[in-house]
Amino acid sequence: MTMTSKTSKIPKIPQKIKKIKIEFLSHKPLETYQFGGFLIDLLKMESVFNRSEAQIISLIGNLGAGKTELMKGIAQKLKLKDRITSPTFVIMKQFKIPRQQRFNNFKYLWHIDIYRLQSFSELESLGFKELMADKSNLIFIEWGDKIKKYLPKNTWQIKFKIINKNTRLLQLDYEKSFIN
Ligand SMILES: Nc1ncnc2c1ncn2[C@@H]1O[C@H](COP(=O)(O)OP(=O)(O)O)[C@@H](O)[C@H]1O
Ligand SMILES: [Mg+2]
């Protein structure tokens, strides 16, 4: 007689999390812009295809550190029609990613600047939670550290440090999960 153990539970596939860190020293605005293009290539390889939620990238650094400059490089790489601006009053801007440029189920790029945000509820009232729950969104947030505790664990972080007039240190961090 053979004995088989029955279980109604589907076994979990063991997953490992690896922390990835990439540092880049930018010597001029163009290099920060180009790092934006590199970031899109990296997202193509590393962002999860079958996500159930949006992918968020938090941009952290003082005024003039180059966060918006990076966004311009991203817009160029994705051939977005509208220009990236430094928002003054509008804090959330949606861009449709042209069909040929789409990857990993992303359809919209969002550029959010929360420098002037007073509280998370302000963002909620603009529908931010719905944006986060929608897997077709690729969301970049300038000053994302202000709402860090509300962001998912798989948020990518880029810290910008001003070294001198034309030099910036960019530090990218993300967690990569893979099946062991
Ligand atoms: N290596 C560099 N990378 C990015 N910006 C630089 C660099 N060197 C000088 N700058 C200048 O710093 C400013 C960055 O502005 P911006 O991208 O709007 O910053 P932030 O969005 O972080 O406030 C621009 O005026 C840009 O010309
Ligand atoms: Mg900016």
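Which residues touch the most other members of the largest nonpolar core? I put this first in my notes on this predicted model, and I found that Leu59, Ile139, Phe140, Ile141 and Ile158 do so, within a core of 33 residues. I then looked up which elements feed this core with two or more residues each, and I listed helix 1, strand 2 (55-60), helix 2, strand 4 (108-113), helix 4 (128-133), strand 5 (137-142), strand 6 (156-164) and strand 7.

Next I followed Leu59 and, leaving aside its neighbours within four places in sequence, I noted contacts with Lys67, Leu70, Phe140, Ile141, Glu142, Gly144 and Ile158.

I turned to the chain as a whole, where I counted four helices and seven strands, which follow the pattern β-α-β-α-β-β-α-α-β-β-β when read along the sequence. I noted that the C-alpha trace spans about 80 × 35 × 35 Å along its principal axes, and that 29% of the 180 residues count as buried. For contacts with a separation of 6 or more, I recorded that residues 24 or more positions apart account for 73%.

Last, I examined ligand 1, which is surrounded by 19 residues, the closest being Thr32, Gly66, Lys67, Thr68 and Glu69. Sorting this shell by class, I obtained three nonpolar, 10 polar and six charged residues. I also checked where the shell comes from, and I found that helix 1 (29-46), helix 2 (67-77) and strand 7 (167-179) each supply at least two of its residues. Lys67 thus appears twice in my entries, once among the residues closest to ligand 1 and once among the contacts of Leu59.

Terms used:
Residues are numbered from 1 along each chain as its sequence is written. Chains are lettered from A and ligands numbered from 1 in the order in which they are written. This is a predicted model: local features need pLDDT of at least 70, side-chain atom pairs count only at pLDDT 80 or more; totals for chains, interfaces and linings use all residues. A residue is near a molecule or strand if its C-beta atom, placed from the backbone, lies within 6 Å of it. Ala, Val, Leu, Ile, Met, Phe, Trp, Tyr, Cys and Pro count as nonpolar, Asp, Glu, Lys and Arg as charged, and the others, Gly among them, as polar. A residue is buried if 20 or more other C-beta atoms lie within 10 Å of its own, exposed if 12 or fewer, and partly exposed in between; C-beta atoms are placed from the backbone. Two residues are in contact if their C-beta atoms, placed from the backbone, lie within 7 Å. A nonpolar core is a set of buried Ala, Val, Leu, Ile, Met, Phe, Trp, Tyr and Cys residues joined through C-beta atoms within 7 Å.
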